[in-house]
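Please open the structure in your viewer and follow the stops below in order, making each selection before reading on.

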Amino acid sequence: MKGPQDLTRPDSQKATGFADAAPLISLKGITKRFGKVVANKDISLDLYPGRIKALLGENGAGKSTLMNMLAGRFKPDEGYIEVDGVRKEFTSSKDAIKAGIGMVYQHFMLVETMTVAENVLLGQEGSFFINPREMNDRVRKLAVDYELEIDPTARISDLSMGEKQRVEILKLLYRESRVLIFDEPTAVLTPREAFRLFEALWAMTRLGKSVVFISHKLEEVMAIADEVAILRRGAIDDEVMRDKITSKADLACRMVGKEVLLEVTKEDVEIGEKVLEVKNMTGIGLRGINLHVRKGEVVAIVGVAGNGQQELVEGVSGLRKPPKDTIFIMNKPWRKFFAEMTWNNSMSYIPEDRLDLATARNLDLVDNLLLTTGKGFTKGPFLQRDKAAKVAQELVEEYDVRPGRIQALAWQLSGGNLQKMVLARELYRQPHLIVAEQPTQGLDISATEEVWNKLLEARKMAGILLITGDLGEAVQLADRVAVMYCGQIMDEFPVTDTAKLDNIGLLMAGVRE
Amino acid sequence: MLGYRLQKRDEPWSWGAPIIVVGALVLSLGISALLLKLQGKSAVEGLFVLWQGSFGASWALEDALLKSIPIFLCALGVATAFRMQVWNIGAEGQFALGAIGATWAALNFPDLPGYLLMPLMFFSAAVFGGFWAYIPAILRLKLKVNEIISTLMLNYIAILLLEYLVFGVWKDPKSYGFPVTPEFTGGAVIGQIGDSRLHWGFVVCIGAGLGMWAFMRFTRLGFDIKVAGEGQRVAMYSRLPYGKLTILVMAISGALAGWAGCIETSAVVNRLQPSIMVGYGYTAIVVAWLARLHPLYIAISAYLLAALRVGVENMQLELQIPAAFGSIMEGLILMSVLAGQMLVTYKIRRKK
C-alpha cells in the first residue's frame, strides 16, 4: 500500500472482554487430497471471537481448498470441524451457513439491478412479503452497528467496489454469521476504502465476531491481525501471535521458510550470449528494471506475489506492450522480435495459468500441441494434423503424460500432466529464451522433480527467466536471484551468496540494508 | 430440489447428443400436442397431419428439400461465426443483402450470358452479405458493441432497405403496383434439375457444405478459428490475430447467408420481392445449435426444420391453426435441446 496512511489499529479499536473465550470454530487435523496431490495436510486452527486471524500464503498453498471445506463445499479426507466444541459434518454449504460461517469472495455475488437492502435480504428465510421501509430500516441499523456506511436504497450498479463489498458483508451479518472469512478483500479496493474495511473489521471483533483475513500483503497483515498463520505447500508452517512479530521483514522471513523439500543435481553448462535484456524499464507498473539472461543460465525472480512479477512476464512474453526500447530479446528490440517471431528457435512462455492460457481446455492434445507449433505443421494453407499427431504421441511417451492418449482433452489431465504437456510442447520448439512462471505450482513432488530436471536440461539451448514464489525452487534452479518489491528489483545476486540469501525476507519486504 | 440434485460428470456423456436431440423432439412434440388440445383440436389428428405434411407425400419431401436449401446455407454461415463464439444473429439481414446484391447484378447486366451473369450474381451476393456482417464485426472490435444486438438490429434495417428498393427504384413498372422488381432474364435464373422442382442451388449447398467442412478440418485458418473460439486468452497466447479472425468469420457467415438470398431470389421467385423474407435466417440459428455446428448435422437438421415448416403449413390449411404455431414449435425444440445439453456435463442423482 502506498501513501502515508497509518494503518495501525488505535487502542480505541481493540476488542475487549473475549480474552478467555472458547473458540467458535476449530479445525482438527484436516487433510484433503486430490489424486496424488495433497492440497491440505493436517491443518489445525482455532478461530476465537473478537480476534482477527491472518492467513498468509502464496497462490496454490492450499488456501482455497481450506476455504471450500469451511464453506461446506468439500469434505475433508481426514480430520473434522468443531463448532462450539461439538464435532460437525458439513454436507452442504447450508450446514456451514447454519454453523455461522460466512465468506466474502473476491468476486461479488450481487444482483446489480436491485437495491442494497433487497440484496441483503435476498434468499433469507422469513416471511414471504416484506415491507420495503422495514427492510431498509433493518439494513440501515445493521450498517450503523458495524460501521459499514451505506444507503440501503441505493442500486448495486451505482456502487463502488468498496461499497459492493460492504453489501456482501452485510449479507453475512444479516444472517448472523459469527465467523467471517475474507479472501484477499483489499485486492479490489482503493487504499482509502481498504482502511474503511479495516475499521469495519475492528467493529466486528468488538461485537464478538471472529474474522479470518486471507492476504499476501504483509503491511495489511501487520496492521490488523491478532494472530498470523502461514500456509505453505498445504500445511500450516507457522502460527504466531501478532505481538511476537517484530517487523515486516520478520514476517517475510517467516513466510519464505527455509526447508528443502527436494534437491536436484545441477550440471554446469556453457554460458552463451544474452537472450534477454531489460534496460531501465519504467512503465506498465514497473520502475527502473534492469535485468539480463544469458543462454545457459537460470535467473529467478522471487518476491511476494503482486509486486510486479506479472507485469514483467507479460511484457517479456509479448502479452503486453512495454515502453519503447526497454526489452530486447535475442538482441532485437521487442517490437521487431515479435513482428519477426518464428515458431521455433525463438521464445517459449510457460504460464502460471495452464488451463485457459497455456492450453485450450476443450481441445485434445494434438490441437493443444498445435497452439504454439502450428506454423511448423503448415504446408501452404493446410495443417498437417497427422504429422502433429505423431509428434504429440512421441512427446506424450517421452514426458510420460498420463493418460497416454493424445485424444484426451486438456481439462481431463491433472495439473502435473498438463504441465508436462505444456513443457513438452514448449521445449519441442527449441527456444533460446524460456519464461517459466510458477512452473511447479500445485504439482506433487515427483512431477516437480521432473519439471525441474527438464528445465535444467533446457539450459543447453536456452536462457531461462524463472518467476517463482517458492524460494526453494529458486535456490535449486537459479544461477542468479533477483528480488522484486513494488515493481522494482531490490537486489540481484548469485545464488551462492548465502549471506544475501539469508536476508532475502528483508528484501521481499522492501527493506534495503 | 424435490429430492434430486445435479452432479458433474467425470467424462462428458458420450451417447448424450443423439439421446438429447430425440428426447427434446419428443418433449416438444408432446407440448405441442397439449397446445393443440387447448385449442380444442384433436392432438392425435394434429400430429398426424403434421407428419403427413412433412414426410407423408412426395410433394412434401420435395417442398422440404427446397426450403432446406436457404436454411442450410444460412446455418452453415452462422455456425462458422458461432464456432468462434461470435454471436451472429444477423443471417436474416445478410440473406436480404445477398438477395439485393444478386438482384443488382441481374438487373444491371440482363443481357450477359448465364455462365458470366451467374458467377457475377453469386459474387455480388457474397460481397453484399459479407459487407453487412462486416459492419457488426468492426463495431465489436473498434467500439466493443455487442454483436448480438447490432446484428439483430441490422436485420430490420436490411429488410427496410429491401422494401425501399422494391417499392421504389427497382419497382417493375408493369407490376400493377405490386412491390416486385422486373422478372430476371434467362441468364439470371437458376434452373431446375431435370423434371423435378429441385434446382441447381441444391448442388451449391453440397459444395458449400463440403467446402466449409474441409476448410475447418484441414486448413490452418480453420484451426485458428477453432482455437480463437476457445477464448481470447488462449488466442492471445497462441499469437493469433483475433480481430482479423473475427472479421473473417463474420464475412464468411454473411457471404453464405448472401448466397442463400441469391439462390432464393433467382431460383424460387425469379425476381426480388419482400415475400422472400420468411425468417430462414432465424431458423438457421436453431439449426446450427441443434447440429452442434457440424456441417453434416446442419444438413440433417436443416431438412428436419424445413419439413416442420412445410408440415405446419399443412396443419394451418387442414386444421385452421394460427401461423405462429410453427415458430412456437421451433422455439420449443431449441429450448428443450439447449436445456437438455446440460445433461452432457451433469447427471441427475437422487438425493441420499
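**Stop one: an enclosed strand**

Begin by selecting strand 21 of chain A, residues 480-485, in this predicted model: five of its six residues are buried, so the strand is largely enclosed by the rest of the structure. Next add strand 13 of chain A, residues 298-302, which pairs with strand 21 of chain A in the parallel sense over four bridges. To follow this pairing residue by residue, pick A:Val302, whose bridge partner in strand 21 of chain A is A:Val483.

Now add strand 22 of chain A, residues 488-494, which pairs with strand 21 of chain A in the antiparallel sense, here over six bridges. A convenient place to look is A:Ala482, which stands opposite A:Glu492 in strand 22 of chain A. Strands 21 and 22 of chain A form a hairpin with two residues between them, and in that turn A:Cys486 has a positive phi of about 50°.

**Stop two: an enclosed helix**

Select helix 9 of chain A, residues 309-317, where seven of the nine residues are buried, so this helix too is largely enclosed by the rest of the structure. Which residues of helix 9 of chain A are the buried ones? They are A:Gln309, A:Glu311, A:Leu312, A:Val313, A:Gly315, A:Val316 and A:Ser317. Step on to A:Gly318, just after helix 9 of chain A, and you will find a positive phi of about 90°.

**Stop three: two crossing helices**

Select helix 11 of chain A, residues 365-373, together with helix 12 of chain A, residues 385-398. Their axes come within 9 Å and cross at roughly 100°; helix 11 and helix 12 of chain A are therefore roughly perpendicular to each other. On the helix 11 side of chain A, show A:Leu365, A:Val366, A:Leu369 and A:Leu370, which make the contact with A:Arg385, A:Ala388, A:Ala389, A:Val391, A:Ala392 and A:Val396 of helix 12 of chain A. Coloured by class, this contact of helix 11 with helix 12 of chain A has nine nonpolar residues, no polar residues and one charged residue.

**Stop four: where chain A meets chain B**

Keep helix 11 of chain A in view and bring in chain B: 15 residues of chain A are in contact with 13 residues of chain B. Helix 11 of chain A and strand 18 of chain A, residues 382-383, each supply at least two residues of the side of chain A that touches chain B, and the largest share of that side, three residues, comes from helix 11 of chain A. By class, the side of chain A that touches chain B has 10 nonpolar, four polar and one charged residues.

**Stop five: a buried alanine in chain B**

Move to chain B and select B:Ala64, found in helix 3 of chain B, residues 58-83. Is B:Ala64 buried or exposed? With 23 C-beta neighbours inside 10 Å, B:Ala64 counts as buried. Leaving aside its neighbours within four places in sequence, B:Ala64 is in contact with B:Ser54, B:Tyr303, B:Ala306, B:Ala307 and B:Val310. One of these, B:Tyr303, is 239 residues from B:Ala64 in sequence, while 6.4 Å separates the two in space, C-alpha to C-alpha.

**Last stop: the two domains of chain A**

Return to chain A and colour domain 1 (49-73 + 94-245) and domain 2 (274-508) separately. The C-alpha centres of domain 1 and domain 2 of chain A lie 36 Å apart, and five residues of domain 1 of chain A are in contact with six residues of domain 2 of chain A. The side of domain 1 of chain A that touches domain 2 of chain A has, by class, one nonpolar, three polar and one charged residues.

Note on methods:
Residues are numbered from 1 along each chain as its sequence is written. Chains are lettered from A and ligands numbered from 1 in the order in which they are written. This is a predicted model: local features need pLDDT of at least 70, side-chain atom pairs count only at pLDDT 80 or more; totals for chains, interfaces and linings use all residues. A residue is buried if 20 or more other C-beta atoms lie within 10 Å of its own, exposed if 12 or fewer, and partly exposed in between; C-beta atoms are placed from the backbone. Two strands pair if DSSP finds at least two bridges between them. Two residues are in contact if their C-beta atoms, placed from the backbone, lie within 7 Å. Ala, Val, Leu, Ile, Met, Phe, Trp, Tyr, Cys and Pro count as nonpolar, Asp, Glu, Lys and Arg as charged, and the others, Gly among them, as polar. Axes are lines fitted to C-alpha atoms, for helices over the stretch in contact, and angles run from 0 to 180 degrees between N-to-C directions. Angles under 35 degrees count as roughly parallel, over 145 as roughly antiparallel, 65 to 115 as roughly perpendicular and the rest as oblique. Domain bounds come from an automatic or database domain assignment.
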